[in-house]
Amino acid sequence: VRYHPALREAHVAHTALADQLRAAVEAGAGSQATHAFAGFAMHYQPVVDVPTGRVTAVEALLRFTTPGGIAVSPAVFIPVAEEIGLIGKLGSWVLEQSCADAKAWHDEHGISVTVNVSGRQLRNPHFADEVLAVLKRTGLPGAALVLEITETVLVTASLEETAEVSRRLARLRAFGIRIAIDDFGTGYSSLAYLRTLPLDVLKIDRAFVHRIEERQDQALFRAVVELARSMYLTPVAEGVETAGQAAVLRSLDCALAQGFLFARPMPAPALAEFLQQERVAAAAVAA
Ligand code: C2E
Ligand code: MG
Ligand code: MG
Ligand code: MG
């Protein structure tokens, strides 16, 4: 096979990344420590109640830095980790670390943590047991955990697999865990799975939020919010970057939002400080 030079470069980069991911996960294998995976770290981004400005949850977002110090986007390395069979171990670490970090924030501030889960993880028959074991170990109550899944979970699954994933999620919901559908509106089967999966939260992709101040986009956004409500799902707007967008959300009664306007994803110590300052600010307003 003869590769176009650019293609060859991409292939080499892909292989190098795969090797780096593997090495980072292997370096932590067998260790129980939650900080075991060199190069990986969790960042947390607040989800805000727009009318009050209060943080109700944080989304856990995985970060990877190569040994050479280059930060790679999860949009790039997660698909590679899935492809080379690393997502199981990596996903377990993400879940454990996120719940461990969130325990204190939940106790002190009453907030939840939302964790992204890949389709491969969901299709693992032991997934529900694993999640419940993590809750037990970390002491985080089920009601403080939200699992975020994307519709690609169903696009690539057979009917039978879909039914199994649904049963698995239903079992977790019985423990108070909530299920969110992520990036809503960007995939293929946007509506069909809304009645297939047991869901609680609908995260509206930032593509719908981006030009929300324009009339047509606003109509579309409003329709999605109403759809969510009619199915008893809580809508959350993703990628809110401007005060104008937040004002429109308020007028449309979509209270929950996430985006650079409110806060960027940050490491655990910075998030702890962010929550502390928020509490101080609230106390000052109340005084
Ligand atoms: P996502 O779950 O939809 O996460 C939201 C993404 O939007 C994050 O990108 C976040 O940094 C970004 N974002 C938040 N607010 C804004 C904003 O106002 N403007 C813009 N332009 N972007 C904003 P990030 O961290 O790069 O993650 C990308 C995707 O990678 C995530 O999308 C999720 O699908 C995946 N991912 C991240 N961490 C994990 C993980 O631990 N496990 C799995 N399976 N997937 C993960
Ligand atoms: Mg997400
Ligand atoms: Mg999303
Ligand atoms: Mg996304």
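Leu147 of strand 5 stands opposite Ile179 in strand 6. I begin with this pair, colleagues, since strand 5 will guide us through the structure, which is a predicted model.

Strand 5 and strand 6 run parallel and are paired over 4 bridges. On another side of the pairing list, strand 5, covering residues 145-149, is joined to strand 4 by 4 bridges, again in the parallel sense. Two partnerships illustrate that second pairing. Val113 stands opposite Leu145 in strand 5, and Asn116 has Glu148 of strand 5 as its bridge partner.

Which way do the residues of strand 5 point? Leu145, Leu147 and Ile149 point one way, whereas Val146 and Glu148 point the other way, and all of them are buried. Strand 5 is accordingly described as mostly covered, with 5 of its 5 residues buried.

Let us turn to strand 4, residues 112-116. Here 4 of the 5 residues are buried, so strand 4 is largely enclosed by the rest of the structure. Strand 4 also pairs with strand 2, which spans residues 54-65; the two run parallel and are joined by 4 bridges. Within that pairing, Ala57 has Ser112 of strand 4 as its bridge partner.

One helix residue deserves attention at this point. Leu95 is placed in helix 3, which comprises residues 87-109. Is Leu95 buried or exposed? Leu95 has a relative accessible area of 3%, and because buried means under 20%, Leu95 counts as buried. Leaving aside residues up to four places away in sequence, Leu95 touches Val115, Glu130, Val131, Val134 and Leu147. Leu147 is the residue with which I opened, the one opposite Ile179. As a further point of orientation, the C-alpha atoms of Leu95 and Arg63 are separated by 14 Å, and these two residues are 32 apart along the chain.

I now come to the metal ions.

Which protein atoms serve as donors to the magnesium ion that is ligand 2? They are Glu59 (OE), Asn116 (OD1), Glu148 (OE) and Asp182 (OD), lying 1.9 to 2.2 Å from the ion. Along the chain, these donors follow the spacing E-x56-N-x31-E-x33-D. Glu59 belongs to strand 2 and Glu148 to strand 5, so this pair ties together parts that are 89 residues apart in sequence. Glu59 is buried, with a relative accessible area of 4%. Glu148 likewise counts as buried, at 2% relative accessibility.

The magnesium ion that is ligand 3 has as its protein donors Asp182 (OD), Asp183 (OD), Glu238 (OE) and Glu238 (OE), at 2.0 to 2.6 Å. Their spacing along the chain is D-D-x54-E. Asp183 lies in strand 6, residues 178-184, and Glu238 lies in the loop between strand 8 (234-237) and helix 11 (243-251); this pair, 55 residues apart, links distant parts of the chain. Asp183 is partly exposed, with a relative accessible area of 25%, whereas Glu238 is buried at 11%.

How far apart are the magnesium ion (ligand 2) and the magnesium ion (ligand 3)? The distance is 3.9 Å, and Asp182 coordinates both ions.

Finally, I turn to ligand 1. This ligand is surrounded by 22 residues, and the closest are Arg63, Asn116, Asp182, Glu241 and Phe260. Two of these names are already familiar: Asn116 and Asp182 are among the donors of the magnesium ion (ligand 2).

Several polar contacts can be listed for ligand 1. A polar side-chain atom of Arg63 lies 2.8 Å from an oxygen atom of the ligand. From Arg206, a polar side-chain atom lies 3.4 Å from a nitrogen atom of ligand 1. Phe260 takes part through its backbone, where a polar atom is 2.8 Å from an oxygen atom of ligand 1. On its own, ligand 1 has 810 Å² of accessible area, and the protein covers 83% of that.

To close, I return to strand 5, where the talk began. Its residue Leu147 is touched by Leu95 of helix 3, and its residue Glu148 is a donor to the magnesium ion (ligand 2). Asn116, the bridge partner of Glu148, is a donor to that ion and is listed with the residues closest to ligand 1.

Methods:
Residues numbered from 1 in each chain as written. Chains lettered and ligands numbered in written order. Predicted model: local features only at pLDDT ≥ 70, side-chain atom pairs only at ≥ 80, totals over all residues. Heavy atoms only, no water. Buried < 20%, exposed > 50% of the residue type's maximum accessible area, 1.4 Å probe, protein only. Contact = heavy atoms within 4.5 Å. Donors = N, O, S within 2.8 Å, 3.2 Å for Na, K, Ca; no water. Pairing = 2+ DSSP bridges. Near = heavy atom within 4 Å. Polar contact = N/O pair within 3.5 Å; in protein donor to acceptor, adjacent residues only side chain to side chain. Areas by Shrake-Rupley, 256 points an atom, 1.4 Å probe, with all protein chains shown as cover.
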